[in-house]
Every structure is written in C-alpha cells, then in structure tokens.
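Thanks for coming, everyone. Today I want to talk about charged side chains and how they pair up. Have a look at this.

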Amino acid sequence: MNDLFSALELLDGLNPEQRQAVEHVHGPALVLAGAGSGKTRVLTTRVAHLVQEHGVPADRILAVTFTNKAAGEMRERIGRMLGGEPRGMWIGTFHALGARILRRHAEQVGFTSTFTIFDAEQALRQIKRTQDDLQIDTKRWNPKAVRSAISGAKNQLVNAAQFVSDHESDFDLFLRTVARVYPVYQSALRDQNAFDFDDLLVKPVELFESNPGLLARYRDRFAFVLVDEYQDTNRAQFRFLELLAGEHRNLMVVGDDDQSIYGWRGADISNILDFESTYPGAAVVRLEQNYRSTSVILDAANAVISQNLNRKGKTLRTDREGGEPITRVECFDERDEARWIVSEIESRYENGPGLHNYRDFAVLYRTNAQSRALEDAFRQKRVPYQIVGGVRFYERREIQDVLGYLRLISNPLDEDAFLRVVNYPRRGIGAASLERLRDWAAGEGIPLLEAARGAQEAAVVPKGAGRSLATFADLIQRYSARAATVRVGLLLEELIEELDLLRKLEEEGPEGEDRADNVKELIAGALEFDKDLLEELDPEEIDAFTELDLFLQRVALVADIDRVDPDADTVTLMTLHNAKGLEFPHVFLAGLEDGLFPLSRAYDEPSEMEEERRLFYVGITRAEDKLYVTHARQRRRAGDFMFGRLSPFAESIPEALVEPRMTPTLTASQSSTPHRRRNRQESFEREGFSGGGKWVDIDEGSLNQDAPRYVKGERVAHATFGSGRVVEISGFGKDTKVTVDFDEVGRKKLLIRYAKLEKDWEI
C-alpha cells in the first residue's frame, strides 16, 4: 500500500500531457515542450516512474542534458523522489558523458586515460602554433576562423582525412588553407594526449563504430535513454544517440523546435523536426501549458513565432490571465537606453509591489558589445549587477596559470600547459631558450617536459636556463607522483605554497591582490571538490582516475551559465543565447533595431531569419510578469553611428498588447525642437532602410537602385586586388566602407564609392 501511495503521489499534480509523457515506457517518444511547460519535472518524474513502477535499475538509465547545472538539478530531484541517490545512473552533458566514456576506453582510440581537454582558448593557441609551423599567415587567415571551420567539420563527423580529400583542391582558398591545418592540428592534439571539446563528441562515435562489441555492452547497459534540449543537437550528437538507442529504441527526446537557436555552432533543427521519420511509430506529446508567464507575454510570443514556417507548431497557454502590457520604449541612443533601463529598475525595486530583490530583473541583448553602455550606467547609479559572458573565472590569467600546472602534472605530454607555466613564476628561461628547446625536442621526437630534463646535459640552452628547466621538470615529476595519492585540494595548496605564488601576485598591487583572491577561491573550490562526483562513478572508474583528473575534467567542462549565482541580489546582464533556460519576473530586451536584431546578414538567408526570430521568442518567454522592449534611434557600432528603425520583430507583437513610451531625453528633445524633429523624421521616411542595419543619407546619392548592396560573407572581385570575401561593412552614405579579405593580397578596407567592386559570381 505504501509503494502504491508513493506511485500515486509521484504523478500527483501533473497535467494530462505531462502524465502521458511520464507514463510512456517502451519505444521512441518526442516530447515537444514549450517554454515554461515543466519539462524538467517530466524528465525527472519519468526516471523515478521507470525505477519505482517498472523496476528498471537506475544504472540502466542514461539522461543527457546541455548544462552541468541542469544535470545536477536532475540528479537531486530524482534522488528526492526515490528517497536516495540513483546510484549507477549516468546523468550529464554530451561533453561530460563523452569524456567519461573516453576516460574508460582512451587506449582504444590511441590515447591514455590522463588526457587533457583543451578549452576554446587552448585549442586556438594550438591552431596558431600549427599555422606558424606551416608558415601560414595568421593575419591573412584568422586562426579563429580556421578553428571554427574545423569545429564545424567535426560536428558534421568529417574527419581530417575526409576534409583534406574534399577541399585540398577547392576553389575557396580559405577551405584549402583549413585542409592544410586540420590534419596537422589533429596530430598535435594526439602527440599531447589531448582532445578539444568537439573531440569529446566525435571520438565516442568513432569508438562505438569501430568496436561493435563495446557498443553492444553500452546498448545493453543503457536500456533507456532520455535527452533534454534535443533541438540543439548536432550531427555528432545525433549519431551518438542513434548508436546507443538504435536497437532497443527506448529513446525519449524532449525539446522545443521554437527554441532552436544554435545553428551557428552546428545544431541541426532537422533532428527534432524529422524525429518521427527517423523513428517511425514514435509517440508525440505536446506540452503547451505554460506555468511561467502571463497571458499578455504568451500572446506576444505566440504571435511572433507563428511567422516561422519551419516548425512543428504549438500554442502556449496559461492560467495567468491578463498581466501588465509590454512596454516598448524608444530611446535617443544606447546611453539613453541604458540610463532609462537602470532608472526603471530602480523605480520598480523601490516602488513595485512585491519586488524587493535586484535578482528579479534581467537585461538581455543580442550582442556582447551592447553590455558596455549598460555596465557604465549600472556602475554610475551603483546598482549591483552580474554579467554573464564576460571574462569567465576559469579563463582569468592567474587561474589559467595555476590550471596549467595541474594539467601538466596530470598529463606530462601537454605542450600547451608546459609553454604556459615553464617560466611562470619567472625562472630565467627566455624565449630564445624555449625556441631551441622546442626545436631539439621535435628533432629528438620527445615531449617538451622530457626535453627539459636533458637540455642542460645536451647543451641545448645556456647553463642557467638548463638548470631552471631541470628544476622545473623535477617539480612536475614530484607532484605527478603525489597526485596519485593526495586529494586535489591539498595537492594544490602544497603547489601554491612551494611556488610562493600568492605573495608574488600580491606584490603586483591592487590588481594583483584581486588575482591572489581568485587563486584562493580556486584552492577553496578544490578543497571542497564535489565528493558526490566520486559516488556517481562506477568502481572501475574510481580505480582508473586520480581525483586531479576528475577535477580538471569538471573545470574544463563548466559552462558560462553554470556560474550564474541565482542567490546573488544583482541584476543579471547577458546575451539572449545565454538566457535560454532561465526565467525572471522582469525582463528587458534591449537593442530592438533592424540590423542589430535581427542581424543584417539574416535577410539573405531565410533559415537565419527564422533562427533570429526563435531567439527573440526565447527572450520574450524568459519573462514571468513584465516585459520591456527598448530600441534606439541611433547607436554607435564598431566606431560608427548607425541610425535605425524599430525591429520588425518588435513590430510583430500585436499593438493591443503594447504600451509605447519614450525616454525623458527623447521627449524633451522633441518638445524643444518639434520642427527639427519633424524634418528629421520625414528625412528618415524618404531615405528608407538599407536592410544592412544602417540609415543611408539620401542627399549623398546613395539611393541609386542600380548600385550593388554588399553583405558580410559574400564574394566580390576588384580590378587590382582580385577576388575576396566581405568581412565588415561600416559607415553610411558616401563614407560607407567595406573590409575585404582578398585571396592573394590579404585584408583591405575600401570606400565603396571608389572601390568599383563587382559580385564574384564565379565562386
């Protein structure tokens, strides 16, 4: 009776659609979960229901999330429902699960279990080193662009050999260049026993495809697979799931095609749109009951997203009828916009009913550059804020230096870590000595750390540098031995003390004191390293890995959103992409000007425009009680003033839901100079909008209908410089400039009126 009561209690409070999803047991299922529809509750309750009602052992369930924070919350909720830890159950992000699988089977893909995970910056440094080794100009061929192209290929499961075969003779010189870099970069990773983030998705797929017996073991182990945020999966993630669940087909995916906003980094919306054709007979459940927002906010969201054609279709509904109208505010410029937002927050904070916390407010924007004016205004008014997407804690210089030591202690083959810390703190090892050491190590075919031990005896470097290198190598060797038996917090404390690092940082002045405090916070985090993580591991994993390995893995995979402090009483500032999955009572969507949101380039590709609209939909649905939309008549972007008009996204919100307002600055300027404003407005209406995010002055003859309109990314040809790709457009009127990366002569900035560029239709 007690068990039966618990089962009924488990389902208590679920709406009919949620209950349908929870009670689904065998076979594929697609749960289309609208914003705020309780999908986390559905996922966790289904796991508990499988264990409690159907006797499925917890260790036969795999749950995949997109953030560590979501994984932690899911594990905690399931534990509460079951009255104890779901031991043996795997819950984590795709990257964390991939790393876990690779730790167990690294040797089968040519690595060791102490591999390093290169973050984005470490991968970029390796790309730069590879380009230098290949004598590929990093000014002409931007390493970030090269890294992005390699990442895109990996997400599509295109390995280095295949990429070379496809592009070594490509007409596009950029792709030919990437084809030179990709295989050498991948070899450098292998030599250092390192994976980049994309490898954590690709290598498990390679492992399963090349080891049928191993795949069969994992298929048998994980009889039930659940996936959150399925709309954000890419080709590699799709294949990973297909391999694991393709036989038993007990795959439940939860997602919202209307919130698919990561196409620019490889996510493929067709994975969710085509789920029913991929898995015939799949059950489909729509969660349309929203428990977050007022009907005003949802009516706006539904009106906006209904304009997209490429979607499954659903309409959010709520029991929270009515609500405050959506306030649309016209501002003079970005500083006026920022001042008004801060002023409104202060007013609501002091006078709003039930609002006594700054954490109830969030300001969301399309691009990181918009945060500057906002931060200035918040600092000036002394309103506390936290910014998500700035310099992350683990990316700070001093933290990266300390982590460099830990990475090298864990993985002596890590060349990037060696080069970062070998002369930090200073040991008298100069750049020339390091260059000679690298050349000698390459010639001998040995790792840099091994070369450091023998450099003095081989007279590769001056005696002083040789002694320092040998001392450094001995230090790393001692701590590598210690790491096998010592807790990571104690190991880090001992290392920092031996390096005398805190004192040396504090000697740098006030900034150095902050850096020392950050290192102390890292030590505290290591001392408190989540012991629960060890409880999640299988026995063979605990024996195979040191705590240092696991700590470094956790640090490498922490996401920006995982560091948001929900308890801090601060206003949250972040991009719309970072806001997905969060909610706030009051939300400000800033910068709703055409060309900024949506971005200008979206006009040239319908799929990009639909993704921009989905991003706006995500922003709207973050708001629980009140939504603001702000836009500026002019905004400084990339050093130029852009005159803009209201975004068509904002215009698609029904006027009956909107309360239009102007900032006091704009109202005052209109009152004092009505004739001048009227003339300016009439001029705007005559000029029309360029579609590139700029107003173009008509009196400069810039409205020639026959003049070509250029967009970022397109190919152009110049009589002298040859063919190239447009990378930037700035200015307006007769001063409009275009920056082009020419294939043969590199980057040039040209005035459009003199450049005589033509569309390059040949490529």
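**Salt bridges, one pair at a time**

Start with Asp416, which is buried, at a relative accessible area of 2%. Keep in mind that this is a predicted model.

So what does Asp416 pair with? Two arginines, taken in turn. In one salt bridge, the side chain of Asp416 meets that of Arg125, at 2.9 Å from N to O. That pair joins distant parts of the chain. Asp416 sits in helix H19, residues 415–421. Arg125 sits in helix H6, residues 120–133. They are 291 residues apart. How accessible is Arg125? Its relative accessible area is 23%, so Arg125 counts as partly exposed.

Now the other partner. Arg129 and Asp416 also meet in a salt bridge, at 3.3 Å from N to O. Here again distant parts of the chain are linked: Arg129 in helix H6, Asp416 in helix H19, with their positions 287 residues apart. Are these two residues buried or exposed? Both Arg129 and Asp416 are buried.

Why can such pairs form at all? Because side chains of opposite charge can pair when their charged atoms come close.

Next example. Arg503 and Asp500 form a salt bridge at 2.5 Å, N to O. Arg503 is partly exposed, at 38% relative accessible area. Asp500 is partly exposed too, at 28%.

Salt bridges can also join up. Which residues make a network here? Arg397, Glu398, Asp401, Arg420, Glu508, Glu511 and Arg515 are linked by salt bridges.

And how many salt bridges are there in total? The count comes to 62.

Methods:
Residues are numbered from 1 along each chain as its sequence is written. This is a predicted model: local features need pLDDT of at least 70, side-chain atom pairs count only at pLDDT 80 or more; totals for chains, interfaces and linings use all residues. Side-chain values use heavy atoms; hydrogens and water are left out. A salt bridge is a side-chain nitrogen of Lys or Arg within 4 Å of a carboxyl oxygen of Asp or Glu. Helices (H or I, at least four residues) and strands (E, at least two) are DSSP runs, numbered from the N terminus. Buried means under 20% relative accessible area, exposed over 50%, partly exposed in between (1.4 Å probe, protein chains only).
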